Amino acid sequence: MTAVAERLLTYAEAVREALAQAMAADERVFLLGEDVGVYGGAFGVTGDLVHRFGADRVRDTPISELGIVGAAVGAALAGMRPVVEIQFSDFTAQAMDQIVNQAAKIHFMLGGAATVPMVLRAPGGSGTGAAAQHSQSLEAWFAHVPGLKVVMPATPADAKGLLLSAIDDPNPVIVLEHKLLYKQSGEVPSSAERVPLGQTAVRRTGADLTIVATGVMVSRALSAAEQLAADGISATVLDPRTLRPLDAAPIVDSVTATGRVLLVQEAPRTGGFMAEVAAQIVESPAFGHLRAPVSRLCGLDVPIPYAPQLERAAVPQVDDIVASARELVARW
Amino acid sequence: MVANEIPLVMPKMSMTMTEGVFLTWHRAEGDRVEAGDVVCEVATDKVDMEVEATVAGTLTRLLAAPEDVIPVGDPIAYVSTEADELLGGLFETEPPRREPPPPEPAAPPEPPRAPAVPAARRLAAERGIDLATITPTGPWGTVRLSDVAVMPRKPNRGRAAVARRMEASARVPQFVLHCDLDLEDVRRTHGWTVLLTHAFARALRRHPELNASWVDGALRYHEHVGVALAVDTSHGLLAPVLTNPDRASPGELAGRIADVVERARGGRLSLAELSAPATTTVSNLGGLGVTGFHALLTPPQATALAIGTVEPRVVPISGGVGVRLRCTVGLTVDHRVADGAAGARLLATLAELL
């Protein structure tokens, strides 16, 4: 490939571009979900795609997540490449039987005779005043189910590149976007360049501690690292990008070098995905290099409150990351 | 036939060796070994050596861990064997053990483990520091990495060996004679270390009263001249011994020195080269820009020659001043063995031979 033109796109525009390029390249790719057509999607992600590709390929559905995912699983088994949009990731609870008991299992239970190349996109996370039923971070649910891949893009470029890889993948892939990121801009290649699943991104390098963050926490961790640098604390910031498969090697290598690790997630602490990352670190050769306990900074174990001040207080903010990192370095 | 457990012991590899440091296993517990197979590596204070299985059998118990200091003759591992049943008991005062040794003798209760972060534990192990001796400054009384990092370092083996020899040297009354050698007219066929070592060995041969040792209140004269050549290596100071270098031609000696220095720096000297009896030491710091220095004796050697920089110097010559190639040497002598005048005569012979 020659020079790749990069322009600023929002995260939502980057997702839309990936969908458009995938649909243009492969007629098996189609979209379905609530309000993805004429309305352009609850967060405006699908936009004008219905006009460009027609209502057959950008299909508005009834309000039944179970039905939407069931239809997508069936279409995928029949050789199509469905991309489902669920308006809020919280609503996947309605579709869990199709996701967990059908999409994730069929390939294995049929001895590999069938595949379910379905992508399910859904926005997660808090920060928009949408309250407890529209603000959750449910990635650990999906990561716990063998047979599913789980993707959490943190930048516009990854939103596009990872989604293209997800659509290519023969397995069901859950892509958890973040509502607060949709309007964030970043450089995005114009070509349909893939970002492979299962490659941790090194967002910043530093010697004093390693910060691992996902989703909206990546940009907060980078802001925190900037502030920490002013205090003379240099942080490495890693973004796994995909939870399943998890590319743990760069995390292990970095922790081996820094000896301190702060794991940052928006999701509640108990049973969160960063607990899995913590376990993989202490099970790895990085163990002997730890100079501090593996530390987590997580959302509180509460339903996300509606009151904006409480909503803010319920999940890690930049200042919280700075304070936790400072304390980790100072104490150890 | 009942399998017999034979201990594989820390070998005695030189007359002065009383203990060795275990370095690494080459084989694992349960491995089949043949007599002569390399089982592990140990280090004396001078050199790393491979330890071979003495009988064929199965490695049943590995007792040593890296950095363990083990007295000569103590077991490193046990080999279960049926091979030498016939010899069983022949060389032992006790009847051979017929049964596998009992499981680890009632181990004394483990001392409480000092809480420490893994990185501190690792660093303490690397440096041979007992965590229990460290004052923890971390939360919950935990030893932090920085608590270990500030502890005094345990010296490496080479350092410890030099320290031991030099402490013994401090008990020897020694004096130093300096003189400037004029090398202007010396044919520089080889490096200065070669030429000076060769000349010094020849000079020492002519002064048997200095090629001697003071041992237990008596003088002992040596038939041979053994020159320990001080070599600076990344593992510290090593002094391989050149036996009778005066009997080699300068050309042969140049080859021997180049070879021995290269192998010293590569850590490939044999124990024999390091522990052959030396009667003197030659140390040349001239290449590092040192004008002149005192060398300390390595007992029981009675002399040491310290060679400074060979350089053109302004010196008086008949009728004025001139520039001549000169070198300051220092001759250290064990005063119990000889007096100043004897040393002066040795230096005069050295100057004459050059």
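Student: Why are H4(B) and H5(B) called oblique to each other?

Tutor: This is a predicted model, in which local features need pLDDT of at least 70. Residues are numbered from 1 along each chain, and chains are lettered from A. H4(B) and helix H5 (residues 250-265) of chain B pack at an angle of about 120 degrees, with axes 9 Å apart. Angles under 35 degrees count as roughly parallel, over 145 as roughly antiparallel, 65 to 115 as roughly perpendicular and the rest as oblique. H4(B) and H5(B) are therefore oblique.

Student: Which residues make the contact between H4(B) and H5(B)?

Tutor: B:Val194, B:Thr197 and B:His198 of H4(B) meet B:Pro250, B:Leu253, B:Ala254 and B:Ile257 of H5(B); contact means heavy atoms within 4.5 Å.

Student: What makes B:Leu271 count as buried?

Tutor: Buried means under 20% relative accessible area, exposed over 50%, partly exposed in between (1.4 Å probe, protein chains only). B:Leu271 has 8% relative accessibility, so B:Leu271 counts as buried. B:Leu271 lies in helix H6 (residues 271-275) of chain B.

Student: How do you know that the span of helix H7 of chain B agrees with what is expected?

Tutor: The expected span is 1.5 Å times one less than the number of residues. For the 14 residues of H7(B), 340-353, that should be 20 Å, and the end C-alpha atoms are 20 Å apart, which agrees.

Student: Which residues of H7(B) are buried, and what puts them on the same side?

Tutor: Among them are B:Ala342, B:Gly343, B:Leu346 and B:Leu353. The buried residues cover an arc of only 155 degrees around the axis, which puts them on the same side of H7(B). The arc is taken from the directions from the helix axis to the C-beta atoms.

How values were computed:
Predicted model: local features only at pLDDT ≥ 70, side-chain atom pairs only at ≥ 80, totals over all residues. Heavy atoms only, no water. Helix = DSSP H or I, 4+ residues; strand = E, 2+ residues; numbered from the N terminus. Axes fitted to C-alpha atoms, helices over the stretch in contact; angles between N-to-C directions.
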